[in-house]
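Biologist: I have the model open and would like to go through how it packs. Can you take my questions as they come?

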Amino acid sequence: MKVLVPVKRVLDYNVKPRVKADGTGVDLANVKMSMNPFDEIAIEEAVRLKEKGAATEIVVVTIGVAKAETDVLLTARAMGADRGILIQTDEEVEPLAVAKLLAKVAQEEQPGLIILGKQAIDDDSNQTGQMLGQLLGWAQGTFASKVEIDGERVKVTREIDGGLETVDLKLPAIVTTDLRLNEPRYATLPNIMKAKTKPVAKKTVADYGVDVTPRLKTLKVVEPAKRQAGIKVGSVDELVEKLKGMGVA
Amino acid sequence: MKTLVWVEHDHQSVKDATLSTVTAAAKLGEVHLLVAGKGVSGVAEAAAQIAGVGKVHVADDAAYEHFLAENIAPLIVQLMGDHDAVLFPATTTGKNVAPRVAAALDVMQISDILSVEGADTFTRPIYAGNAIATVQTSDKKLVITVRGTAFDKAATTGGSGTVEAVAAAGDKGLSTFVGAEIAASERPELTSAKVVVSGGRALGSQEQFHALIDPLADKLGAAVGASRAAVDAGYAPNDYQVGQTGKIVAPQVYVAVGISGAIQHLAGMKDSKTIVAINKDEDAPIFQVADIGLVGDLFTLVPELTGKL
């Protein structure tokens, strides 16, 4: 079974985002960009499925600027993906359009399973996997913390409010990863060198005939309201006093 | 505008996040509800009492019992011929279903809204809440998920909605529910609690987490939360996690014990009215957002605090 893993290049999760003074967005000039952390978990899961013999080939796909090839597709191949697809565009592509592009890729590649991160840490949308499920007419196992392939079906344990839930899905299916699905491996230097020999197909949005015109217009981006500076108390008694003052103790 | 709110329930009662979603929907226009599930007439009756509610659509069918997205989404799409917008609480269930509805209607979903600025304009957090974007949609139908902590809850009484059955769209046969493990808790629900006590990695072990955090929470009538580090280390279950990838809370009082305050954690709690931090590192980032800070060893301070409450 072939596994398709879509990945996204985002602002590194350790970098504190700075809102541009003109309110047009977050400043992404000269800041470290990396693979979305949930997507690393998706690649790792695909690689583990291959190591267990449940997957035969891992194809990684990204939609974004040319630099995404070295920033994320290389890392993905170094972690164990077999080949890459870069759909190049300098525009921001919304989850709906991403899902439409991925649906086209899925029709071409015919994967048995598509594993995506549950959300990207830049737009925090949490939509693409579900939308792709709808567009392909496939089942979805979102927020997965465990994935077990069993013949023509996949059992997915999901993290839900209040606990865990297990669903059994007909393949082909969509899985979106939650944090606790696995611990992604590091791309080692020899594997990064080797990854450079693994193929990447370069495409453009136009190759897929998908209209990626944004539906949402960002009118402005502002920093959240700052909190007033607080005080430090010297003892537990003072803290108890404060809590009593607020009526909670 | 005619709005439809998907009602989240446990087959007994309507969940609080739905009440906040009703408040958001009322800002857009007329509010209709959808109660789907198996044996939901009681929930539908309760939903009809929610203040400001018009029609309550009820879809009672085994296909909806476990809220599988593959089955629920077509039902909602079917009702969208008659409605201009559909709103879901931004809970794990809402987030699971809503994008399938959006894709079926060919519209861009607007996730996790914080405010309604106009009929087509909303604010939402991006970058783990480090920026707030105002977005305007050009889509004809709106699919929205609502951050529960950003809207007041609609009153559960005073409404006089009319209950109307909807034909079920049936089981799509793509997925089946196998089972669930729901953590039993006597404490208030994390996302709607007035007080939350959260523990971090500094607690050192699962035993110490429960020995220190639980009694303090019980004294304060609080829900218990945790940082990702505490959850990853196995001190607390996954569904305790507060943060960008866990639950978003905004209680009256949030007590952070042994939590450094990484941006991913702050994303889940920085809208709390009052933040109290107990940490031995006086340079910990948590003190930059805390209203009341206490520097010291939590292993002596927390039992002392619990004892004095």
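Biologist: Which residues in α3(B) meet which ones in α4(B)?
Modeller: From α3(B) they are B:Ala69, B:Glu70, B:Ile72, B:Ala73, B:Ile76 and B:Val77, and from α4(B) they are B:Asn96, B:Val97, B:Arg100, B:Val101, B:Ala104 and B:Leu105. Contact means heavy atoms within 4.5 Å. The residues of this contact divide into nine nonpolar, one polar and two charged. Ala, Val, Leu, Ile, Met, Phe, Trp, Tyr, Cys and Pro count as nonpolar, Asp, Glu, Lys and Arg as charged, and the others, Gly among them, as polar.

Biologist: Any ground rules on numbering and confidence?
Modeller: Residues are numbered from 1 along each chain as its sequence is written, and chains are lettered from A and ligands numbered from 1 in the order in which they are written. This is a predicted model, where local features need pLDDT of at least 70, side-chain atom pairs count only at pLDDT 80 or more, and totals for chains, interfaces and linings use all residues, while side-chain values use heavy atoms, with hydrogens and water left out.

Biologist: Back to the helices. At what angle do the axes of α3(B) and α4(B) cross?
Modeller: The axes of α3 (residues 69–79) and α4 (residues 92–105) of chain B cross at roughly 50° and come within 9 Å. That makes α3(B) oblique to α4(B). Angles under 35 degrees count as roughly parallel, over 145 as roughly antiparallel, 65 to 115 as roughly perpendicular and the rest as oblique. Helices (H or I, at least four residues) and strands (E, at least two) are DSSP runs, numbered from the N terminus.

Biologist: And α5(B) with α9(B), at what angle do they pack?
Modeller: About 30°, with the axes 9 Å apart; α5 covers residues 206–220 and α9 residues 298–308 of chain B. That makes α5(B) roughly parallel to α9(B). Among the residues that meet are B:Leu212 and B:Leu216 in α5(B), with B:Phe299 and B:Val302 in α9(B). The residues of this contact divide into eight nonpolar, two polar and one charged.

Biologist: Switching to the interface. How many residues of chain B are in contact with chain A?
Modeller: 84 residues of chain B are in contact with 78 residues of chain A. The area buried between the two chains is about 6800 Å², and carbon and sulfur atoms give 56% of it. Buried area is the accessible area (1.4 Å probe) that two parts lose on being put together, summed over both.

Biologist: Which three residues supply more than any other three of what chain B buries?
Modeller: B:Arg100, B:Met108 and B:Tyr127, with 11% of the area that chain B buries against chain A.

Biologist: What order do the strands have in the sheet of four?
Modeller: The order is β12(A)-β8(B)-β7(B)-β6(B), an open sheet with antiparallel pairing. Two strands pair if DSSP finds at least two bridges between them. β12(A) and β8(B) pair over six bridges, and A:Val222 stands opposite B:Ile132.

Biologist: Why is one side of each edge strand there without a neighbour?
Modeller: β12 (216–222) of chain A and β6 (115–118) of chain B each have a single partner strand, so one side of each is left without a neighbour in the sheet.

Biologist: What about the sheet of 10 strands, which strands stand at its edges?
Modeller: β11 (200–204) of chain A and β11 (175–182) of chain B. That sheet is open and its pairing is mixed. Within it, β7 (residues 139–150) and β8 (residues 153–160) of chain A pair in the antiparallel sense over six bridges. α4(B) packs on the sheet, touching β7 and β8 of chain A.

Conventions
Axes fitted to C-alpha atoms, helices over the stretch in contact; angles between N-to-C directions.
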